[in-house]
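Work through the exercises below with the sequence and the structure in view. Each task is followed by a solution in steps.

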Amino acid sequence: MMSGAPAVRVSIESSCERQVQEVSLDGLETYAPPLSMSQNLAKLAQRIDFGQSSDEDEDGLERDSREQWSKPEAEEDEGMVKFQPSLWPWDSVRNNLRSALTEMCVLHDVLSVLKDKKYMALDPVSQDPSVGKTPQVFQLLSKKKSLATAAQLLLRGAEKLTKSVVENQEQRRQRDFNSELLRLRSQWKLRKVGDKILGDLSYRSAGSLFPHHGTFEVIKNTDLDLDKKIPDDYCPLNVQIPSELEGSAYIKVSIQKQSPDIGDLGTVNLFRRQAKAKPGSQMWHLKLEAAQNVLLCKEIFAQLSREAVQIKSQIPHIVVKNQIISQPFPGLQLSISLCHSTGEKKNQRASPDKSKPDDHLYVLEHNLHQLIREFHKQTLSSVVMPHPASAPFSHKRMRMAGPMAYDKTEISALQQSEGLLEKIIKQAKHIFLRSRTARTIDSLASRIEDPQIQAHWSNINDVYESSVKVLITSQGYEQICKSIQLQLNIGVEQIRVVHRDGRVITLSHQEQELQDFLLSQMSQHQVHAVQQLAKVMGWHVLSFSNHVGLGPIESIGNASAITVASPNGEYAISVRNGPESGCKVLVQFPRSQAKELPKSDVVQDAKWTHLRGPYKEVHWGRMEGRNFVYKMELLMAALTPCP
Amino acid sequence: MEAPPVSVMPVTGGAINMMEYLLQGSVLDQSLESLLHRLRGLCDNMEPESFADHELVYLLKGQQGNPFLLRARRSLLHPPAPWHLRYLGQPEVGDKSRLALVRNCVDVSASHSLPEVLNEMGFRMDHEFVAKGQMFRKGAMKVVVSKLSRVLVPGNTENTEPLSLSYLVELSVLAPAGQDTVSEDMRSFAEQLKPLVHLEKIDPKRLM
C-alpha cells in the first residue's frame, strides 16, 4: 500500500471539540456545551452490551462478589460465557450492576410474596430500650471531640497563614538593606573598595583642607534575633565611624569676668546637648551627621588655635587643652572651647565654675561655623583656577605679583589679613559693647525720671556695627523740647555719637564715659527746654550758654545757664543747671518790689523803680509740678501778670 | 666697578624645589562626555573650568649634547593674565614601584614680554601648539583634559588643526620633594577613573 512517493507530511489535529449548535445572524457561533462527566459516562455505558457475561479467569476479588448469585446460575451461564476483550475495563462495572439488579429482583420478589401474607410475615425487630438514649455525657464528649478536631484544623490553617506573613515580612526586611543603601547613597558619598563599602563624611570635597580622612564604613546589621520581636527602630544597615569622631561636639563661646585663678583653665564642663532626632530619619543619618559636626568643630578649633599661636597680638592668647582664652577688653575674658562628649561614660565631673547655659553665645558659635564654611568656599572658587592651565593653584592676583613687581605691602594687602580668631574676637567685642551700652542706657532710664531718656535700637545691624537713637525728652513737652537727639554708632571698640547739632564725639569702650556723657546731655536738655519754653510762652532769651565758666566746677561735663525775661520785662528768670550740682533758679524782681532797697542819692527818679533789681533764689524742690519744665512753665505763668 | 660676589649655592627650600607627580592617559573624542561627567562627580564641587592655552616650547642649544628646554604658555581666554614659564627636569629614576612620574619642576609667572626676553637670551622656539579643554581639581590634584591642536602658521592661533582624534588626560600634583603619599592618592584616584581612561606613568624618554 505504501507507494515509492516521497513521504508527505501529515499533520493531525483534533477536530473541533465542540459541535456548533447554531450560528446567529451576526456570525456568532454557539457551541453545544461539552458533556459533563456523568453524561459522558452514560454515553459510554450505553455502548456496553450487558448480555455478555464475564470470563472465568478474572481477579479473585470480583469472583467473590459474584459467588452468592453466580452459583445457581453457573450451569446456565456456562454456555453463554463469551470473552469480550473490548469490554474488559468495564467488566467490573457490568458485574456490579448485574449484582445490583439481582438484589433488586430478589427484593422485589420478597416484597411481592409478603404482600400476600400467606407464606411470609414481617415482624419488627425488638430494640434494646437502653441503647436508644445515649447519655448526655457521651454526647458532650463527642461534640467536644468534633469541635476540637475542627478547631485544630482551623488553627493549623491560621498558623500556616501567619507563618507565611512573617516570612514575607522577614524577606522584605532583608531586602531592605539594599533600599537603605540606596537611600544612604542619595545623601552621602560612597565608594566600593574591595568588598567593603566606604564613605566620606569630611568636608574635603567642599573645600576643606583639614587633613582628617573622614571615612566611614557601611556594614550589614545581622544581629537580628528572628525569634524575638523585631524592634521598631531596627535598621538593616549600620555605619561605623572613626573612633575620634564619636559622640557629639559643639564650640562654646562665652564672655566672663576675668577669672582670678589661672589654674582653673582647661576644665570646661562637657555640657551634653541632645541631638534632636527628626522623625523619619534613620540611625545612620544621625550618627553620620553628628560625626560630621564633630569633624567640623575640630577643624574650627584647630584653625583657631593655630591662629592663636601664630598671630602676634598685644595681649597674647592662651591655648590650654580644649580652650582658647583671650582678653578683648581689660577685665574681661573671652573663652572659646571645644566641648566634645563621647556619650559613653557620663562625665559627671563637676566644674569649679558653674557657668549658666545663658553664658554661651550661640550667635558666635553659629558665626564660627559660617566663617569656616566661607573659608571652604574660597578654596573652591574659580579665582584659584590657573589660566594658563599649567600654572599651579594660587589666587588670581597673586600670580600677578611677580610680573608686576609687587612689594611686600602690596602682597600683604592681597592676602587675607584677618583670620578666624581675629574676626570672632571682633564680633565678641562688638556684642559685649552693645550689650553694655544697652545696660547703661537702661540703668540711667530707670534711675532718672526727669528728663526721660528713650532709646530706639535699629533692627538692621552688622556683625561689627549697631546703632541706636537716644532721645532725651521731658514728659508732656516732647514736641517742644526735642533738641537733644543722639545717634550712637556702636562699633567694635568705640562708640561714635552724632549730635543733632552736628557734633561728632567718639567715646571709648569705657562704660563710665558714656554714662557721664549722657548725664551731661540731660542737664543740657533742661536748659534747652527752658529756651524752647520761653519761645512758646513769649518770654525773651537774654543770654544762653551751654558751657558756663562761672560757678563751681562740675566733675562731669559742664554746667549750662540761661536767662529769660518776661514779656513786659519786669521779671527775669536765670537758670543754671549742672550734671552734678543740679539746677539753680533765680528770679529777678523789679526794684519796686524789693523790700530792702538801698537808698541812694544818685538814683532819684521814680521811673527807675521799674527796672529789675535784686535776685531771689527759688526753692525749686518745693515748687509744684512733676518735672522741671512743668515747674518752669508754672513759674513763668506766675510771673506773667494778666493784662 | 667690580660686580659684587655672587654665592654659588643654589636657592633651596620654599617653593623652589617642587616636584611634579604626573600620570597621563588619553580618551577618544566620543568618550569625552562620559569622562567629563565622571570627573565632575569625583572632583571638588565647582563649575567646570574651561581653558584655551597657547604653548611655545623654547630650546637653548648649548655645546653639550642635551638642549635646555623651557615651556612658555599663555591663556587665550584671559589675555591679560601673565605668561607662565615652566622648566621640567628629568624624571627621577627611583624604584620602579613608584606609581607616578616624578620630575623636578620650576614654575614662574612672567609678563607679556617673555618671548622677546627668551629670544634675546638665545632661546629659539622649537614648536608651538594650542591646547583647549577643561580642568578639574580635587584637593591638591589637578586633572586637565585637553585637546592639542597644531598651529599651521606660526603665531596665528586662529588657524589650528587637531593633532589627533582624542583628548589628553593628565593628573598632576605639585608637592615638595620626598612625599610618597602623594603618588598613593593619585593612584587611588586613577583607579576610580578606570575603565573610562587608564592613567599611567609614561616615560617621555621612551617615546623619543
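Two axes count as roughly perpendicular when the angle between them is 65 to 115 degrees. The model used in these exercises is predicted.

**Exercise 1. Two crossing helices**

Task: Find how helix α6 and helix α9 of chain A are oriented to each other, and say which residues make the contact.

Solution:
- Step 1. Locate helix α6 at residues 283-310 and helix α9 at residues 420-447 of chain A.
- Step 2. The axes of the two helices come within 8 Å and cross at roughly 90°.
- Step 3. That angle lies in the range from 65 to 115 degrees, and α6(A) and α9(A) are therefore roughly perpendicular to each other.
- Step 4. On the α6(A) side the contact is made by I300(A), Q303(A), L304(A), E307(A) and A308(A), and on the α9(A) side by L420(A), L421(A) and E422(A).
- Step 5. Sorted by class, the contact of α6(A) with α9(A) has five nonpolar, one polar and two charged residues.

**Exercise 2. The buried side of a helix**

Task: Decide how the buried residues of α11(A) are placed around the axis, and name what covers them.

Solution:
- Step 1. Helix α11 of chain A, residues 628-639, has twelve residues. From first C-alpha to last, α11(A) reaches 16 Å, close to the 16 Å expected at 1.5 Å a residue.
- Step 2. The buried residues in α11(A) are F628(A), V629(A), K631(A), M632(A), L635(A), M636(A) and L639(A).
- Step 3. These residues cover an arc of only 160° around the axis, so they are on the same side of α11(A).
- Step 4. A general rule helps here: an α-helix has 3.6 residues a turn, so residues three or four places apart point the same way.
- Step 5. The cover over the buried residues of α11(A) includes α10 (511-537), β17 (560-565), β18 (572-578) and β19 (582-590) of chain A.

**Exercise 3. Two buried serines**

Task: For S474(A) and S183(B), state where each is found and what each touches.

Solution:
- Step 1. S474(A) sits in the loop between β12 (466-473) and β13 (485-490) of chain A.
- Step 2. Buried means under 20% relative accessible area. S474(A) has a relative accessibility of 0% and so counts as buried.
- Step 3. Not counting residues up to four places away in sequence, S474(A) touches D450(A), P451(A), H525(A), Q526(A), N627(A) and V629(A). One of these, V629(A), is also among the buried residues of α11(A).
- Step 4. S183(B) lies in helix α3 of chain B, residues 181-193. Its relative accessibility is 4%, so S183(B) counts as buried.
- Step 5. With neighbours within four places in sequence left aside, S183(B) is in contact with Y21(B), L99(B) and A100(B).

**Exercise 4. A loop residue that touches chain B**

Task: Place R204(A), classify its accessibility and list what R204(A) touches.

Solution:
- Step 1. R204(A) is in the loop between β4 (196-200) and β5 (215-220) of chain A.
- Step 2. R204(A) has 38% relative accessibility and therefore counts as partly exposed.
- Step 3. Residues up to four places away in sequence are not counted; R204(A) then touches F210(A), H212(A), H213(A) and D44(B).
- Step 4. R204(A) and G214(A) are ten residues apart in sequence, and 8.8 Å apart in space from C-alpha to C-alpha.

**Exercise 5. Backbone details**

Task: Locate the cis peptide bonds before P388(A) and P195(B), then the positive phi values of K321(A) and A405(A).

Solution:
- Step 1. H387(A) and P388(A) are joined by a cis peptide bond, with omega about 15°. P388(A) is in the loop between α7 (362-380) and α8 (408-414) of chain A.
- Step 2. K194(B) and P195(B) are also joined by a cis peptide bond, with omega about -5°. P195(B) is in the loop between α3 and α4 (204-207) of chain B.
- Step 3. K321(A) is not a glycine, yet has a positive phi of about 50°. K321(A) is in the loop between β8 (318-320) and β9 (323-326) of chain A, and with a relative accessible area of 66% is exposed.
- Step 4. A405(A), also not a glycine, has a positive phi near 55°. A405(A) is in the loop between α7 and α8 of chain A, and at 61% relative accessibility counts as exposed.

Key
Residues numbered from 1 in each chain as written. Chains lettered and ligands numbered in written order. Predicted model: local features only at pLDDT ≥ 70, side-chain atom pairs only at ≥ 80, totals over all residues. Heavy atoms only, no water. Axes fitted to C-alpha atoms, helices over the stretch in contact; angles between N-to-C directions. Helix = DSSP H or I, 4+ residues; strand = E, 2+ residues; numbered from the N terminus. Parallel < 35°, antiparallel > 145°, perpendicular 65-115°, else oblique. Contact = heavy atoms within 4.5 Å. Nonpolar A, V, L, I, M, F, W, Y, C, P; charged D, E, K, R; others polar. Expected span 1.5 Å × (residues − 1). Buried < 20%, exposed > 50% of the residue type's maximum accessible area, 1.4 Å probe, protein only. Arc of directions from axis to C-beta.
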